[in-house]
Amino acid sequence: MNSTTIRNWSLKPRSIEIQWGDGHTSTFHHIWLRDNAPSNRHPSGQKLGDISQIPAGIAPTSLDVGEKVRIEWSHDGQVDEFDPTWLRAHAYEPEEVRKRSRRPILWDTASIDGAPLDFEFPELQDSQAALRGMLQSVRDYGFAILHQVPTEPGSIFKVVDLFGYVRETNYGRLFDVRVTPNPSNLAFTGLTLGGHTDNPYRHPVPTLQLLHFLKNSVEGGDSTLVDGFHVAGLFRQAWPEGFELLAGMPVTFRFASEDADLVYESTIIERDVRGEVSGIRFNNRSVQAFNCPPETMEAYYEAFRAFGELLEDPANKITFKLGPGDLMIFDNQRILHGRIGYQAGGERHLQGCYADMDSLLSKLAVLERQGEEA
Ligand code: OGA
Ligand code: ZN
């Protein structure tokens with residue numbers, strides 16, 4: 001018997017219990033069933049009635065199980081029918097919920113080898129399947145590398161157009177990265193940039209970043225990427241107390257210029273409501289003086305150093321050189337990017353911009369839906 005076949009069921013005072021073909025047992029509360037009944041949904045999928053229309057002590061007068069689970073409600077005699085497949089797909093035992101949640105594919109230098117990360121831009125324009133593959137790589141590995149993007153300035157927007165919208169900031173719709181006199185940012189020098197996430201002083205932080213290479217004929221100037229989620233996991237395992245400090249004590253990030261003053265307080269490692277690592281904010285240039293309590297300061301520095309060293313460990317950090325027409329797109333809450341320093345002489349010119357992960361995931365969901373229908 002399979003996981004959506006109902007083997008047994010029973011009506012309890014406040015719920016129904018279903019035993020599935022695979023042996024798992026699910027509880028569905030009466031209140032939940034009435035709230036989520038198909039009759040309570042508009043064809044658009046949006047819910048119709050609100051909670052005030054459901055009595056607190058709601059109960060069925062009858063329960064029949066055949067092809068559908070059929071419930072008649074006591075307070076108004078309404079009949080609702082549930083598809084067993086739908087019920088199983090919405091079972092709310094924590095292990096069932098966990099099974100359904102998509103987890104990133106964590107990587108290090110060794111394991112990323114051979115992953116599908118390189119894509120030709122012209123193919124992405126022509127083929128929905130190719131585009132789907134690229135967006136899946138950004139979702140699962142946190143990044144993708146595109147080739148053959150036109151080297152005309154502004155072509156980065158053609159890439160964003162494939163899946164979403166530019167997130168404009170005080171740096172403009174795009175920003176140029178090259179050596180400039182009187183740089184406002186170390187990015188506009190030839191200095192090495194350690195692994196970092198961009199703009200941690202914003203809330204919400206830009207969730208996607210694109211860097212498009214127009215020129216890169218300098219010696220050095222290689223790019224680096226690190227999976228911050230993988231490293232945070234290593235750190236959590238190796239030193240739980242250090243992890244708690246970086247995930248529990250806030251620090252302040254700031255960017256100030258003549259026309260901007262952006263400040264945000266956050267922890268370096270962010271967790272979601274389930275306690276999973278959901279974001280990294282790590283940027284040596286914009287982090288302000290730590291202000292954790294005196295008795296914690298030295299331990300905090302120890303944790304900060306240990307995490308920083310793990311991020312720079314060659315076992316975790318990949319290094320590669322991109323040239324004209326290459327573009328990398330990455331999850332700015334997960335992947336830390338950096339570069340190796342370079343000398344003046346030769347030319348290096350990048351254009352960067354930000355975009356939103358939610359529109360990328362939405363585009364991907366639509367493409368995956370169409371793929372299933374095809
Ligand atoms: C940046 C940055 C990397 C590079 O501008 O945000 O990190 O390769 N640049 O110059
Ligand atoms: Zn950067």
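**Exercises on a predicted model**

N216 is buried, with a relative accessible area of 8%; the structure in which this value was computed is a predicted model.

**Exercise 1.** Determine in which strand N216 lies and which polar contacts its side chain makes.

*Solution.* Begin with the secondary structure, where N216 is found in strand 12, which covers residues 208-216. Next, look for backbone partners: a polar atom of the N216 side chain lies 2.7 Å from the backbone oxygen of L322. Then turn to side-chain partners, where a polar contact of 3.3 Å links N216 with R348. Finally, carry R348 forward to the third exercise, since R348 is also one of the residues surrounding ligand 1.

**Exercise 2.** Identify the protein donors of the zinc ion (ligand 2), give their spacing in sequence, and decide whether H196 and D198 are buried or exposed.

*Solution.* First collect the donor atoms, which are NE2 of H196, OD of D198 and NE2 of H337, at 2.1 to 2.2 Å from the zinc ion. Then place these residues along the chain, where their spacing reads H-x1-D-x138-H. For the last step, recall that buried means under 20% relative accessible area. H196 has a relative accessibility of 3% and therefore counts as buried, and D198, because its value is 10%, is buried as well.

**Exercise 3.** Describe the surroundings of ligand 1, beginning with its polar contacts to the zinc donors H196, D198 and H337.

*Solution.* Start with the distances from an oxygen atom of ligand 1 to an N or O atom of each side chain: the value is 3.1 Å for H196, 3.0 Å for D198 and 3.0 Å for H337. Next consider how far the ligand is covered, for ligand 1 taken alone exposes 290 Å², of which the protein buries 97%. The elements that contribute two or more residues to the shell are strand 11 (193-196), strand 20 (335-339) and strand 21 (348-355). Then sort the shell by class, which gives 4 nonpolar, 3 polar and 3 charged residues. Among the residues around ligand 1 are V177, A187, L193, Q209, R339 and L350.

**Exercise 4.** Work out in which sense strand 14 and strand 15 pair, and which residue of strand 15 stands opposite F253.

*Solution.* Take the limits of the strands first, residues 251-257 for strand 14 and residues 260-266 for strand 15, and note that they pair in the antiparallel sense over 7 bridges. Next examine the connection, where the two strands form a hairpin with 2 residues between them. Within this pairing, Y264 of strand 15 is the residue opposite F253.

Definitions and conventions. Residues are numbered from 1 along each chain as its sequence is written. Chains are lettered from A and ligands numbered from 1 in the order in which they are written. This is a predicted model: local features need pLDDT of at least 70, side-chain atom pairs count only at pLDDT 80 or more; totals for chains, interfaces and linings use all residues. Side-chain values use heavy atoms; hydrogens and water are left out. Donors are N, O and S atoms within 2.8 Å of the metal (3.2 Å for Na, K and Ca); water is not among the atoms, so sites may look incomplete. Buried means under 20% relative accessible area, exposed over 50%, partly exposed in between (1.4 Å probe, protein chains only). Two strands pair if DSSP finds at least two bridges between them. Helices (H or I, at least four residues) and strands (E, at least two) are DSSP runs, numbered from the N terminus. A residue is near a molecule or strand if one of its heavy atoms lies within 4 Å of it. A polar contact is a pair of N or O atoms within 3.5 Å; within protein, one must be able to donate a hydrogen and the other to accept it, and residues adjacent in sequence count only if both atoms are side-chain atoms. Accessible areas come from the Shrake-Rupley method with a 1.4 Å probe; for residues, only the protein chains shown count as cover. Ala, Val, Leu, Ile, Met, Phe, Trp, Tyr, Cys and Pro count as nonpolar, Asp, Glu, Lys and Arg as charged, and the others, Gly among them, as polar.
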